[in-house]
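Biologist: I've got a model open and some questions about its helices and its core. Mind walking me through them?

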Amino acid sequence: AFIAVSAITIGIPCLVFAQDPGGAETLAANPNSPVDYVWILVCGFLVFFMQAGFAMVEAGFCRAKNATNLMAKNTIDFVMASLIFMAFGFALMMGNDYKGLIGTSGWFLHGANYDVGRYLLFFWQLVFAGTAATIVSGAVAERLKFKAYFLYSILVTAVIYPIYGHWVWGGGWLSKLPFGAGHVDFAGSGVVHTIGGFVGLAGAIVLGPRFGKFGKDRKPRAIPGHSITLAALGTFILWFGWFGFNPGSTFSAHQLRIAVVAVNTNLAAAAGAAVAILLVYLKTKKWDVGMMLNGCLAGLVAITAPCAWIEAWAAVVIGAVAGTLVVISVYFWENVGVDDPVGAVSVHAVNGVWGLISVGLFAD
């Protein structure tokens, strides 16, 4: 314990309670702040619960013999995110801006960051960081060793998510682009999902496919997951958690556009699921529940960037395109030899990009 405390305090100025750790000043300045605090924290709790959703989806889509390994990875994601994002990631993301590239203050939530407002912001960004990290576990499922995944979790939450997050949400260069409104991403189609999806793609390419996934003729073979029930349960948990993920990104219960966000989030999920299962039925004459589940998640990923600024019809269009893209993408990656057991790349990377593009096409 002494070593840990020394590592935290050596070279750091003495703790100065320059802000408002008790919340009295914040409350005096804004008597309505408790409503916003409760709203943001409850939404953050919902986003945290999405960790369970990802775990169930991955376990269901993969073989039973790998379930323990998947549970370990999904747990260590949030364990490491909590510690590493507190120590380094939050400062890089939300600290004082340095030339539009990184934040430079707030290490270990120390000093002036001992403040109810900063702690609230930290918790919100923490649950997002955990989500970005855990997306990858599906793309590299049944291959990556736990100790390697342990190091990867540190890298994503200490460096990759915080730096890109700073560029978009922390006052960095992307948010200051000199045309239009700059780079706009309401709740993280890019900052959270595209990051997780593309890191997962890199991992899947480097690791190569699972044994038996491709035959000698290089054609893909199905490796069925052991429980569509778990996969469906996980999808419902994620769908539920997304009602925190997107509406909570208003960062205020007083922004009544939360109603618009919630409706658009739901419509895109429904449209993505409907289109995905219908497309696969037209191709195979079979009702593919797994693809329907991924279509639902694809719609949720795509709507995350534009959800606050579009009408309901646009949410349906965005979700329908996402459902189409996820089907095309799953077949594409299989045909080029990339093994993604749960479709994480197709859901998060491909539709994260589509979500960012859709802001420019449909936003009011």
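Biologist: Let's start simple: in which helix is N264 found?

Modeller: Keep in mind that this is a predicted model. Residues 258-284 make up one helix, and N264 is found in that stretch. So the helix you want is α9.

Biologist: Is N264 buried or exposed?

Modeller: Buried means under 20% relative accessible area. N264 falls under that cut-off, so it counts as buried, and its relative accessible area is 2%.

Biologist: And which residues does N264 touch, not counting those up to four places away in sequence?

Modeller: Heavy atoms within 4.5 Å make a contact here. With residues up to four places away in sequence not counted, N264 touches I303, C307, I310, E311, A312 and A315.

Biologist: I303 is also in α10, I think. How do α10 and α11 sit relative to each other?

Modeller: I303 is indeed one of the α10 residues that meet α11. The two axes come within 8 Å and cross at roughly 125 degrees. Angles of 65 to 115 degrees would be roughly perpendicular and those over 145 roughly antiparallel. This pair is therefore oblique.

Biologist: What classes of residue make up the contact of α10 with α11?

Modeller: On the α10 side, the residues include M291, A298 and A302, and they meet α11 residues including I318, A322 and V326. By class, the contact has 10 nonpolar, four polar and no charged residues.

Biologist: Now α4 and α5. At what angle do they pack?

Modeller: α4 covers residues 67-94 and α5 covers residues 116-139. Their axes are 8 Å apart. α4 is oblique to α5, and α4 passes α5 in a right-handed crossing. The packing angle is about 135 degrees.

Biologist: How many charged residues are in the contact of α4 with α5?

Modeller: K73 and D77 are among the α4 residues there, and R118 is one of those in α5. The contact residues divide into 14 nonpolar, six polar and, for the charged class, three.

Biologist: Which helix gives the most to the largest nonpolar core?

Modeller: That core has 89 residues, and F85, F128, Y161, W242 and F245 touch the most other members. As for helices, 13 residues of the core come from the top contributor, α5.

Biologist: W242 is on that list. What does W242 touch, not counting residues up to four places away in sequence?

Modeller: W242 is one of the core residues that touch the most other members. With residues up to four places away in sequence not counted, its contacts are M50, H193, P247, T265, L297, L300, V301 and T304.

Biologist: H193 made me think of A349. How far apart in space are A349 and L201, C-alpha to C-alpha?

Modeller: A349 lies in α12, and H193 is among its contacts, as are T194, G197 and F198. A349 is buried, with a relative accessible area of 0%. Along the sequence, A349 and L201 are 148 residues apart, yet C-alpha to C-alpha the separation is 8.1 Å.

Biologist: Last one: is L27 buried, exposed or partly exposed?

Modeller: L27 is found in α2, and it touches S33 and P34, not counting residues up to four places away in sequence. Buried needs under 20% and exposed needs over 50%. At a relative accessible area of 41%, L27 is therefore partly exposed.

Note on methods. Residues numbered from 1 in each chain as written. Predicted model: local features only at pLDDT ≥ 70, side-chain atom pairs only at ≥ 80, totals over all residues. Heavy atoms only, no water. Helix = DSSP H or I, 4+ residues; strand = E, 2+ residues; numbered from the N terminus. Buried < 20%, exposed > 50% of the residue type's maximum accessible area, 1.4 Å probe, protein only. Axes fitted to C-alpha atoms, helices over the stretch in contact; angles between N-to-C directions. Parallel < 35°, antiparallel > 145°, perpendicular 65-115°, else oblique. Left-handed = near helix turned anticlockwise from the far one by under 90°. Nonpolar A, V, L, I, M, F, W, Y, C, P; charged D, E, K, R; others polar. Core = buried A, V, L, I, M, F, W, Y, C linked by side-chain atoms within 4.5 Å.
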